[in-house]
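Colleague: I have a new model on my screen and a stack of "why is it called that" questions. Could you walk me through the labels?

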Amino acid sequence: MLAACAPGPQTVTPPPANPPAGMQYLYGSGEAAALSVQAFAMLVSHATAAAKARPAQSVVLASGASLDQPRFVPCGDKPLAAVFDVDETVLLNIGYEYHDARSGKGYDEAAWDAWERTGAGAVSPVPGAVAALAQLRAAGVTVVFNTNRSAANAAATAQAISAAGLGQAVHGQTLFLKGDDAMGSGKDGRRATIAGRYCVIAMGGDQLGDFSDLFNAGQPVAARRAATASPSMAALWGRGWFILPNPVYGSGLKGGFDDVFPMDRRWALPTDGEK
């Protein structure tokens, strides 16, 4: 009777033999490193030229602008700045993603909060970021970080930025975080605050929301992709807006077969009779 009630053997799922393909690419590949170095080189080239020319308008969309009809915050005589997302833009969360890959559990809010508070010793800079940020500062361009890390962990995030060799960040001055306003993970409010203080001549991020919340307005996958490549937006990529690769997580990882593979672009292996 007792033997019949005893629990059976527990099945333990072994950790995966290798990290997911996206992590292999972003955190391990030379290709991702080259893309990042390339993006930062282009950003510095653009920003240093813009700093000398002293533009009349920033690269931050003004209130009321649309993706079809972009308008930008005027610069006036405000000091120059470049604005960056943090995670997977200037800083790689190597330690957290290792934990995520080995556990197989996926994103966990409590684990991420613990990582923000304690992970400063297990981060790395994005290739090209350290040199680029130093060059910007040397050219008189203030480096500002706008991230969806929590305002409650501001000191720990500043420590992580410093530990990665990316310089100093001061909350409310050169570091803006989720919780600084009432817009949650939306960044437009923080961008407006930054653009009110600075003439923003370049922005860097790994998600479209790092440039405008308009990209996250619930468009279908194909429509969002088309908007990103439309003439009004295409004029900004590499000319003020600079995107970094991130195939690991974020707003770009969505869509079913019908979203990603148009019906008129599908192919099947020919049968013998069709060769």
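Modeller: Sure, and let's begin with the word helix: here it means a DSSP run of H or I with at least four residues. Keep in mind that this is a predicted model.

Colleague: What makes α11 a helix, then?

Modeller: The helix α11 covers residues 257-260, with F257 in it. A helix needs at least four residues, so a run of 257-260 qualifies. By that kind of count, the chain comes to eleven helices and nine strands.

Colleague: Why is F257 called exposed?

Modeller: The relative accessibility of F257 is 66%. Exposed means over 50%, so F257 counts as exposed. F257 also joins V260 and F261 in a nonpolar surface patch of about 340 Å².

Colleague: And why is V170 called partly exposed?

Modeller: V170 comes out at 39% relative accessibility. Buried is under 20% and exposed is over 50%, with partly exposed in between, so V170 gets the middle label. You'll find V170 in the loop between α7 and β7. V170 and A158 are twelve residues apart in sequence, with their C-alpha atoms 7.0 Å apart in space.

Colleague: Which residues of α7 are buried?

Modeller: A154, A156, T157, A158, A160 and I161. Buried residues of this helix pack against β4 (91-92), α5 (109-118), β6 and β7. Helix α7 itself spans residues 154-163 and lies across β6 and β7, at about 130° to β7. After α7 comes G165, with a positive phi near 80°.

Colleague: How do you know that β6 and β7 pair?

Modeller: Two strands pair if DSSP finds at least two bridges between them. Strand β6 (residues 142-150) and β7 have four bridges, in the parallel sense, so they pass. In that pairing, F145 stands opposite L175 in β7.

Colleague: What makes β3 and β8 partners?

Modeller: Again it's the bridges: β3 and β8 (residues 199-205) share five, in the parallel sense. The test asks for at least two, so this pair counts as well. F84 stands opposite G204 in β8. On the β6 side, β3 pairs over four parallel bridges, and the bridge partner of F84 there is F145.

Colleague: Which strands stand at the edges of the sheet, and why?

Modeller: The open sheet has five strands in the order β7-β6-β3-β8-β9, with parallel pairing. β7 (175-178) and β9 (241-243) are the edges because each has a single partner strand, so one side of each has no neighbour in the sheet. Neighbouring strands are turned by 20° against each other on average, ignoring direction.

Colleague: What makes β3 "mostly covered"?

Modeller: Five of its five residues are buried. Buried means under 20% relative accessible area, so each of those five falls below that cut-off. Both faces of β3 are covered, with L80, A82 and F84 on one side and A81 and V83 on the other. Helix α6 (residues 129-138) lies across β3 (80-84) and β6, running at about 135° to β6.

Colleague: How much of the chain is buried overall?

Modeller: Buried residues make up 41% of the 275 residues. The accessible surface of the chain comes to about 14600 Å², with 59% of that belonging to carbon and sulfur atoms.

Key. Residues are numbered from 1 along each chain as its sequence is written. This is a predicted model: local features need pLDDT of at least 70, side-chain atom pairs count only at pLDDT 80 or more; totals for chains, interfaces and linings use all residues. Side-chain values use heavy atoms; hydrogens and water are left out. Patches are made of residues with over 30% relative accessible area and no salt bridge: like charges are joined within 9 Å, nonpolar side chains (Val, Leu, Ile, Met, Phe, Trp, Tyr) within 5 Å. Accessible areas come from the Shrake-Rupley method with a 1.4 Å probe; for residues, only the protein chains shown count as cover. A salt bridge is a side-chain nitrogen of Lys or Arg within 4 Å of a carboxyl oxygen of Asp or Glu. Helices (H or I, at least four residues) and strands (E, at least two) are DSSP runs, numbered from the N terminus. Buried means under 20% relative accessible area, exposed over 50%, partly exposed in between (1.4 Å probe, protein chains only). Axes are lines fitted to C-alpha atoms, for helices over the stretch in contact, and angles run from 0 to 180 degrees between N-to-C directions. Contact means heavy atoms within 4.5 Å.
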